[in-house]
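Reader: I'd like to learn how to read a model like this one, feature by feature. Can you walk me through it?

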Amino acid sequence: MDDPVLLTGAGGRVGQAILNGIGDAHEWRLLDREPLSSDRLPAGVDEDDVIVADVTDDEEMAEAMAGVGAVVHLAGDPRPEAPWNSVLENNIDGTQTVFETAVEAGVEKVAFASSNHAVSAYETDARTPEMYRTDDDYRLDGTELPRPGNLYGVSKAAGETLGRYYHDAEDLSVVCVRIGNLTEGHPPRNYERGQAMWLSYRDCAHLFDRCIRADYDYEIVYGISDNERKYYAIDRAKEVLGYDPQDDSAAYTLGGDPIEES
Ligand SMILES: NC(=O)C1=CN([C@@H]2O[C@H](COP(=O)(O)OP(=O)(O)OC[C@H]3O[C@@H](n4cnc5c(N)ncnc54)[C@H](O)[C@@H]3O)[C@@H](O)[C@H]2O)C=CC1
Ligand SMILES: O=C1O[C@H](COP(=O)(O)O)[C@@H](O)[C@H](O)[C@H]1O
């Protein structure tokens, strides 16, 4: 049994998308360094299961991990332009602390929120903007080497490598989800890149539900909806996790309005 599930960064956008979709599907332990207001908590989560802590603090994390079956690790600095001191502390040191304390506590599996920015330098001038479009067949599938486009992306590639290490050395099951662009209700507006990597709220919740329930060793998958315009393959997420996305950015105009079917 994988419950209870420790969700780090629970108060953020991805955390809230997950809790809005599958808040009643697991026994949660919710962690964030900012206090979580009651409107951010799913029904049934009591105060003892809400932890205000920093993921870089190994004592607080050891306590948070006690008795946990699975971890969804989202906490970190999500800004593509984040400076090195912040990603070094929050994303690299924080992620190492999460993996280390998970292993010490006997946790079975960790799903790590990686990012499209771990590979964003594949988007060369020669390939863009064509690779963002339906008629282009360029695909990344998770087997390629990291190729970060910024220091934030470097920190995500480091997190993936930490996951590889903790799988090989400690037999921890690890899935790294290279999340695309999460927006609620509609794909990013007037942004071809964002539409090709759109992840809807309901697909996000379902994907992390599969990360909690499925069995795997070490995996890197892309976290996007089933977009007709895409340059990330989602076959591995389907095959290994049983991911079954429902949304497609092609059902919306470039401006983000739903296309009415005639
Ligand atoms: N939103 C998106 O489209 C994407 C998000 N991601 C990744 O998903 C994760 C979550 O992103 P968002 O929800 O968008 O960000 P967010 O900023 O909305 O949420 C992050 C949460 O983590 C908490 N946090 C940050 N540093 C912490 C620390 N050291 N200790 C404890 N809590 C800490 C913050 O208080 C916040 O509530 C991040 O790791 C981000 O890099 C990756 C790709 C795309
Ligand atoms: O990793 C992330 O990626 C998304 C998409 O990147 P963008 O550069 O196209 O905006 C970003 O929105 C999110 O904040 C970030 O964590």
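Author: Sure, and let's begin with ligand 2. Its shell is made up of R13, P78, P80, S115, N116, H117, Y152, G180, N181, Y191 and R193. Keep in mind that this is a predicted model.

Reader: How do I sort that shell by chemistry? How many nonpolar, polar and charged residues does the shell around ligand 2 have?

Author: Put each residue into one of three classes and count. Around ligand 2 you get four nonpolar, five polar and two charged residues.

Reader: Next, polar contacts. Which side chains put a polar atom by an oxygen atom of ligand 2?

Author: The idea is to look for pairs of N or O atoms within 3.5 Å. Here, Y191 has a polar side-chain atom 2.3 Å from an oxygen atom of ligand 2. For R193, an N or O atom of the side chain sits 2.8 Å from a ligand 2 oxygen. R13 joins in too, with a polar side-chain atom 3.4 Å from an oxygen atom of ligand 2.

Reader: And how much of ligand 2 does the protein bury?

Author: Take the ligand's area on its own, then ask what share the protein hides. Ligand 2 alone exposes 380 Å², and the protein buries 76% of that. As for where it sits, the space taken by ligand 2 is the largest pocket.

Reader: Now the other ligand. How many residues surround ligand 1, and which are the closest?

Author: There are 25 of them, and the closest are R13, D32, L74, Y152 and K156. R13 and Y152 also turn up in the list around ligand 2. By class, the ligand 1 shell splits into ten nonpolar, nine polar and six charged residues.

Reader: Which polar contacts does ligand 1 make, and do they use backbone or side-chain atoms?

Author: Check both ends of each pair. V14 uses a backbone N or O atom, 2.8 Å from an oxygen atom of ligand 1. With R33, a polar backbone atom is 3.2 Å from a nitrogen atom of the ligand. N90 brings its side chain, where a polar atom lies 2.9 Å from a ligand 1 nitrogen. On its own, ligand 1 has 820 Å² of accessible area, and the protein covers 90% of it.

Reader: Where is ligand 1, and which elements give two or more residues to its shell?

Author: The space ligand 1 takes is the largest pocket. The elements giving two or more residues to the shell are α1 (13-22), β5 (109-115), α4 (151-170) and β7 (181-182). The largest share, three residues, comes from β5.

Reader: Let's turn to the backbone. What should I look for there?

Author: Look for exceptions to two habits: most residues other than glycine have a negative phi, and most peptide bonds are trans. In this model, T128 and P129 are joined by a cis peptide bond, with omega about 0°. P129 lies in the loop between β5 and α4.

Reader: Which residues other than glycine have a positive phi, and where are they?

Author: D171 is one of them, with phi near 65°; this residue is in the loop between α4 and β6 (173-179). N190 has a phi of about 55° and belongs to the loop between β7 and α5 (192-196).

Reader: Are those two buried or exposed?

Author: Exposed takes over 50% relative accessible area. D171 counts as exposed because its relative accessibility is 62%. N190 is at 57%, so it counts as exposed as well.

Reader: Can we try that reading on other residues? Is E160 buried or exposed?

Author: Buried means under 20%. E160, found in helix α4, has 2% relative accessibility, so it is buried. T97 in helix α3 (residues 84-104) is buried too, because its relative accessible area is 6%. The T97 side chain reaches the backbone oxygen of D93 at 2.9 Å.

Reader: What about V52?

Author: V52 counts as partly exposed because its relative accessibility is 47%. V52 is in strand β3 (residues 50-52).

Reader: Last one: how do I compare distance in sequence with distance in space?

Author: Set the residue separation beside the C-alpha distance. V52 and T8 are 44 residues apart in sequence, with 9.9 Å between their C-alpha atoms. For E160 and T101, the separation is 59 residues along the chain and 17 Å between C-alpha atoms.

Technical notes:
Residues are numbered from 1 along each chain as its sequence is written. Chains are lettered from A and ligands numbered from 1 in the order in which they are written. This is a predicted model: local features need pLDDT of at least 70, side-chain atom pairs count only at pLDDT 80 or more; totals for chains, interfaces and linings use all residues. Side-chain values use heavy atoms; hydrogens and water are left out. A residue is near a molecule or strand if one of its heavy atoms lies within 4 Å of it. A polar contact is a pair of N or O atoms within 3.5 Å; within protein, one must be able to donate a hydrogen and the other to accept it, and residues adjacent in sequence count only if both atoms are side-chain atoms. Accessible areas come from the Shrake-Rupley method with a 1.4 Å probe; for residues, only the protein chains shown count as cover. On a 1 Å grid over the protein atoms alone, a cavity is a set of points where a 1.4 Å probe fits but cannot get out, and a pocket is an open set with protein on both sides within 12 Å along at least five of seven lines; lining residues have an atom within 4 Å of a point. A molecule sits in a cavity or pocket if more than half of its atoms lie within 2 Å of its grid points. Helices (H or I, at least four residues) and strands (E, at least two) are DSSP runs, numbered from the N terminus. Ala, Val, Leu, Ile, Met, Phe, Trp, Tyr, Cys and Pro count as nonpolar, Asp, Glu, Lys and Arg as charged, and the others, Gly among them, as polar. Buried means under 20% relative accessible area, exposed over 50%, partly exposed in between (1.4 Å probe, protein chains only).
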